[in-house]
Amino acid sequence: MKEYLNKNIKEVINLFPEVESILNEYGVGCGSCSVGTCLFKDIIEIHHLSPDEERELMDQIAEEINPDREKRAPSIKRKREAGAAGIKYSPPIQKLVNEHVLIKRLVAMIPRLIIDLDVESEMGRQLVIDSIDFIRSYADKYHHAKEEDILFKYFDENAEIIQVMHEDHRNARAHVKAILEALDDRDQKAVAEHLDAYQALLSEHIKKEDEILYPWMDRDLSDSQIGKLFSQFTGKDEEFGDIPIRSEQFINKLEEKFKLLEEIK
Amino acid sequence: MTEFEGCPGSKMVDFRDEGPQEEATGKVKSQLRQWPIQMHLIAPTAPYYQGADVLLTADCVGYALGGFHPECLKGNSIAIACPKLDEGQDVYVEKIKSWLEDAKINTLTVLIMEVPCCMGLLNLAQQALQSSSRKVPLKAVIVGVQGEIISEEWASA
């Protein structure tokens with residue numbers, strides 16, 4: 001069992017597929033992760049299960065990996081003990097969670113964007129371009145830059161969990177680029193495919209950050225670091241001026257437009 | 001144990017016989033890095049408040065919390081006050097605001113006792129934060145009368 005703790009989770013799941021459903025039972029959704037390079041031992045610490053849950057989970061996995069010999073799994077050394085249930089974020093991390101809400105509102109409209117997709121008309125293309133403008137200016141330059149340029153610097157950037165987030169960001173940028181290229185080529189199918197892939201990627205990415213990455217970071221940061229982070233985020237907000245307000249206005253308008261279209265239909 | 005009804009803040013509680021008393025071994029070094037500390041006496045723009053992580057501590061906390069110096073005060077600046085008995089608390093709001101805007105403190109942690117009247121100190125901090133043009137993270141730590149940390153969480157302004 002110990003040898004598997006230092007393997008990445010995708011490798012462990014590939015070797016023992018039943019591990020995916022065991023992890024799922026405890027709310028650890030690594031099976032669907034598009035990257036899966038986090039080490040098994042890190043995942044157990046990052047998810048911050050209660051000691052009893054962790055013991056049950058590890059015992060079940062140990063039994064799956066070695067049904068004949070090993071019944072008790074090695075425990076994972078924790079930095080801090082599990083706290084109360086329910087996620088409560090520090091003020092700077094709460095800012096990021098709030099930004100996710102706006103991004104999720106766009107992501108939720110992507111299926112509708114795909115249904116109404118019309119790459120032949122000027123108006124149809126403009127709708128996609130405006131949505132991509134939101135993604136680039138708000139989700140990427142404003143929000144992801146806060147993470148990459150500020151937040152992640154407080155941690156070991158070589159840690160797998162951080163690398164996974166960087167890779168998600170890179171993949172998201174690649175989909176955005178592909179959407180614009182396909183739009184230029186009037187390739188409706190490719191635009192729809194990349195929009196769909198972006199939606200799946202961002203939904204999973206935001207869930208990972210809200211439920212796993214951010215709580216783990218909050219547990220690791222000192223109060224003094226929380227203060228510095230808050231100040232740096234405030235500086236970034238000032239630098240971006242009215243982009244957050246304009247972005248929210250765009251989302252409000254888009255939701256209103258789709259709501260009206262729904263009512264007409 | 002003798003009790004009387006009335007304000008929970010003045011309710012008599014005797015826990016002399018509750019469990020073994022652990023004694024600290026060796027001399028505990030003071031972590032206090034400044035003087036004065038009483039809220040009426042401090043100057044909010046004093047050098048030790050500039051960019052600091054500041055504790056606004058109810059008077060009783062320092063006596064209730066056994067590990068106050070190494071666990072709370074270490075590395076931080078402080079001011080103390082009693083929201084129940086102190087007069088002229090409007091001055092406190094102005095001083096907290098000055099910490100935020102002039103001394104540009106990094107964080108503000110309010111340590112209070114579990115008794116209801118102590119909540120007034122957190123209210124003062126929230127009032128100052130709401131009226132301040134500059135915001136910082138505010139943490140509320142509630143200490144039980146027997147020295148246990150009851151809760152510790154980031155508070156809204």
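**View 1. Chain B, read from start to end, runs β-α-α-β-α-β-α-β-β.** That comes to 4 helices and 5 strands, where helices (H or I, at least four residues) and strands (E, at least two) are DSSP runs numbered from the N terminus. This is a predicted model, so local features need pLDDT of at least 70 and side-chain atom pairs count only at pLDDT 80 or more, while totals for chains, interfaces and linings use all residues. Residues are numbered from 1 along each chain as its sequence is written, and chains are lettered from A and ligands numbered from 1 in the order in which they are written.

**View 2. Here is the overall build of chain B, whose C-alpha trace spans about 50 × 40 × 25 Å along its principal axes.** Its radius of gyration is 16 Å, which agrees with the value near 15 Å for a compact globule of 157 residues (taken over C-alpha atoms; the rule is 2.2 Å times the number of residues to the power 0.38). Buried residues, meaning those with 20 or more other C-beta atoms within 10 Å of their own, C-beta atoms being placed from the backbone, make up 34% of the 157 residues.

**View 3. Val110(B), Ile112(B), Leu121(B) and Ala125(B) touch the most other members of the largest nonpolar core, which has 46 residues.** Such a core is a set of buried Ala, Val, Leu, Ile, Met, Phe, Trp, Tyr and Cys residues joined through C-beta atoms within 7 Å. Helix α4(B) gives the largest share of this core, 6 residues. Leaving aside neighbours within four places in sequence, Val110(B) is in contact with Leu56(B), Leu121(B), Leu122(B), Ala125(B), Leu138(B) and Ala140(B); contact means C-beta atoms, placed from the backbone, within 7 Å.

**View 4. Now for helix α10(A), residues 223-240 of chain A.** Its 18 residues should span 26 Å at 1.5 Å a residue, and its end C-alpha atoms are indeed 26 Å apart (the expected span is 1.5 Å times one less than the number of residues). Ile226(A), Gly227(A), Leu229(A) and Phe230(A) are buried in α10(A). Seen down the axis, the buried residues fall within an arc of 165°, so they line one face of the helix; the arc is that of the directions from the helix axis to the C-beta atoms. On the other side, Gly235(A), Glu238(A) and Glu239(A) are exposed, that is, with 12 or fewer such C-beta neighbours.

**View 5. Where the chains meet, 9 residues of chain A are in contact with 9 residues of chain B.** Helix α10(A) brings 6 residues, the largest share of chain A's side.

Definitions and conventions:
Contact = placed C-beta atoms within 7 Å.
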